[in-house]
Each structure stands twice: as C-alpha cells, then as structure tokens.
Amino acid sequence: MDYAKNLINKALAARKLAYTPYSNFKVGAALLTSDDNIFEGFNIECASYPVCNCAERTALFRAVFEGFKKFKAIAVVGGKSEELGCLNSYCPPCGMCRQALREFCVPEEFEIILAKSSEDFKIYTLEELLPQSFGPHYL
Ligand code: THU
C-alpha cells in the first residue's frame with residue numbers, strides 16, 4: 001500500500017514513452033518484485049496490429065528476463081495520448097496480461113493498482129480480476 005504512489009508515478013512516466021502510432025492509446029505500468037525492485041513497461045504497437053505488446057507484459061517480461069519471478073504489485077495507467085496530465089479513466093489489464101501476471105504471483109496477494117493519478121487510484125487483487133484462474137500448479 002505504501003508503495004502505490006511510487007509505482008503510479010513510475011507508470012505515469014513510462015506511459016509518456018509508449019510507442020502507439022496506431023491507437024494513440026498510451027499505457028504505462030510499474031511492476032514491484034517481491035524484493036522491492038521496480039520494472040516499468042509501456043505498450044509497443046506494430047503495423048501488423050496483433051503483434052502489439054501491452055505495457056504490463058513489457059514490464060513483466062523485462063523483469064523475468066532479469067531473473068525476477070515473484071511479484072507483489074503492479075500499477076497501470078492508460079488513456080488516449082491527449083490525456084497527458086490528467087487521465088479520465090482507469091485502465092484495467094486485458095485478459096492476456098492478467099493471465100501472464102498470474103504465472104508469477106499469488107493471486108490472493110498480488111495487487112493491481114489502477115490509477116488516474118497518484119492521488120486517485122483503486123486496488124484489486126489478481127484473484128478479484130481473474131477468479132478461479134488456471135496456473136502452474138495444474139501442470
Ligand atoms: N493496452 C495495454 O498496454 N494494456 C492493457 O491492458 C490494455 C491495452 C494497449 C494495447 C494497445 O497498444 C492499446 O492499449 C490499445 O488497445
């Protein structure tokens with residue numbers, strides 16, 4: 001909870017760098033590892049639209065590549081590029097990102113922080129956003 005504002009500010013900064021020539025919808029994410037490292041990500045779009053990568057998975061895959069595989073929380077911010085200073089709505093992670101995050105967390109404990117600003121945010125657990133999920137323990 002104390003880390004929420006810091007994560008949100010990092011997600012907001014990452015969002016400014018998003019590569020979104022096709023949708024102009026810019027998303028930033030900041031992922032907190034279990035030992036308090038932070039990895040930021042933004043969405044990256046491609047002319048072949050389905051190849052786009054969401055901000056959350058950019059952050060996650062950067063972290064996993066660096067050897068981190070346990071996470072406590074992620075902050076996500078997103079909106080049309082015109083919404084620079086002030087976001088009008090929360091940006092919940094897509095289903096694919098929820099499932100990717102689920103691989104590396106305890107669903108009842110992992111916090112998803114949806115923010116419009118560092119003053120305006122709400123927190124869900126992954127279990128709330130992806131109930132009864134399929135995970136590594138099935139295999
Ligand atoms: N997007 C994300 O980065 N995260 C989400 O969870 C939802 C969608 C991106 C993908 C695409 O670049 C743009 O937002 C519009 O869908």
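**Reading the ligand site and selected residues**

User: How far is an oxygen atom of the ligand from an N or O atom in the side chain of Asn43?

Analyst: The separation is 2.9 Å, between a ligand oxygen and an N or O atom of the Asn43 side chain. The model is predicted, and this distance should be read as a computed value.

User: How far from an oxygen atom of the ligand does a polar side-chain atom of Glu45 lie?

Analyst: For Glu45 the distance from a polar side-chain atom to a ligand oxygen is 2.5 Å. Cys94 takes part through its backbone: one of its N or O atoms is 2.9 Å from an oxygen atom of the ligand.

User: How much of the ligand does the protein bury?

Analyst: Start from the free ligand, which exposes 370 Å² when taken alone. The protein buries 78% of that area.

User: Where does the ligand sit?

Analyst: Its place is the largest pocket. Two elements each give two or more residues to the shell around the ligand, namely strand S1 (25-33) and helix H2 (55-65).

User: Which residues surround the ligand?

Analyst: Around the ligand are Ser23, Phe25, Val27, Asn43, Glu45, Cys54, Ala55, Glu56, Pro92, Pro93 and Cys94. By class, this shell divides into seven nonpolar residues, two polar and two charged.

User: Next, burial. Is Thr33 buried or exposed?

Analyst: A residue counts as buried under 20% relative accessible area and as exposed over 50%. Thr33 has 0% relative accessibility, so Thr33 is buried. Thr33 belongs to strand S1, and its side chain forms a polar contact of 2.6 Å with the side chain of Asp35.

User: Why does Ser81 count as buried?

Analyst: Ser81 counts as buried because its relative accessibility is 19%, which falls under the 20% cut-off. Ser81 is in the loop between strand S3 (71-80) and helix H3 (95-102). Its side chain has a polar contact of 3.5 Å with the side chain of Glu82.

User: What is the relative accessible area of Leu12?

Analyst: Leu12 has 22%, so Leu12 is classed as partly exposed, between the two cut-offs. Leu12 is part of helix H1 (residues 4-15).

User: What does a C-alpha separation say about Leu12 and Pro136?

Analyst: Such a pair is read with two numbers, one along the chain and one in space. Leu12 and Pro136 are 124 residues apart along the chain, and their C-alpha atoms are separated by 31 Å. Phe110 and Lys16 can be read in the same manner: 94 residues apart in sequence, and 25 Å from C-alpha to C-alpha.

User: Where is Phe110, in terms of H3 and S4?

Analyst: Phe110 lies in the loop between H3 and S4. With a relative accessible area of 1%, Phe110 is buried.

User: Which residue's side chain makes a polar contact with the side chain of Glu111?

Analyst: The partner is Tyr3, at 2.9 Å. Glu111 itself is in strand S4 (residues 111-115). Glu111 is also 24 residues from Leu87 in sequence, with 21 Å between their C-alpha atoms.

User: Last, backbone angles. What sign of phi do most residues other than glycine have?

Analyst: Most of them have a negative phi, so a positive value deserves a note. Asp36 is one case here: its phi is near 70°, and Asp36 is not a glycine.

User: Where is Asp36 placed?

Analyst: Asp36 is in the loop between S1 and strand S2 (38-42). Its relative accessibility is 51%, so Asp36 counts as exposed, with the cut-off at over 50%.

User: What is the phi of Gln132?

Analyst: Phi of Gln132 is about 55°, a positive value although Gln132 is not a glycine. Gln132 is found in the segment after helix H4 (126-129). Gln132 is exposed, with a relative accessible area of 73%.

Technical notes
Residues are numbered from 1 along each chain as its sequence is written. This is a predicted model: local features need pLDDT of at least 70, side-chain atom pairs count only at pLDDT 80 or more; totals for chains, interfaces and linings use all residues. Side-chain values use heavy atoms; hydrogens and water are left out. A residue is near a molecule or strand if one of its heavy atoms lies within 4 Å of it. A polar contact is a pair of N or O atoms within 3.5 Å; within protein, one must be able to donate a hydrogen and the other to accept it, and residues adjacent in sequence count only if both atoms are side-chain atoms. Accessible areas come from the Shrake-Rupley method with a 1.4 Å probe; for residues, only the protein chains shown count as cover. On a 1 Å grid over the protein atoms alone, a cavity is a set of points where a 1.4 Å probe fits but cannot get out, and a pocket is an open set with protein on both sides within 12 Å along at least five of seven lines; lining residues have an atom within 4 Å of a point. A molecule sits in a cavity or pocket if more than half of its atoms lie within 2 Å of its grid points. Helices (H or I, at least four residues) and strands (E, at least two) are DSSP runs, numbered from the N terminus. Ala, Val, Leu, Ile, Met, Phe, Trp, Tyr, Cys and Pro count as nonpolar, Asp, Glu, Lys and Arg as charged, and the others, Gly among them, as polar. Buried means under 20% relative accessible area, exposed over 50%, partly exposed in between (1.4 Å probe, protein chains only).
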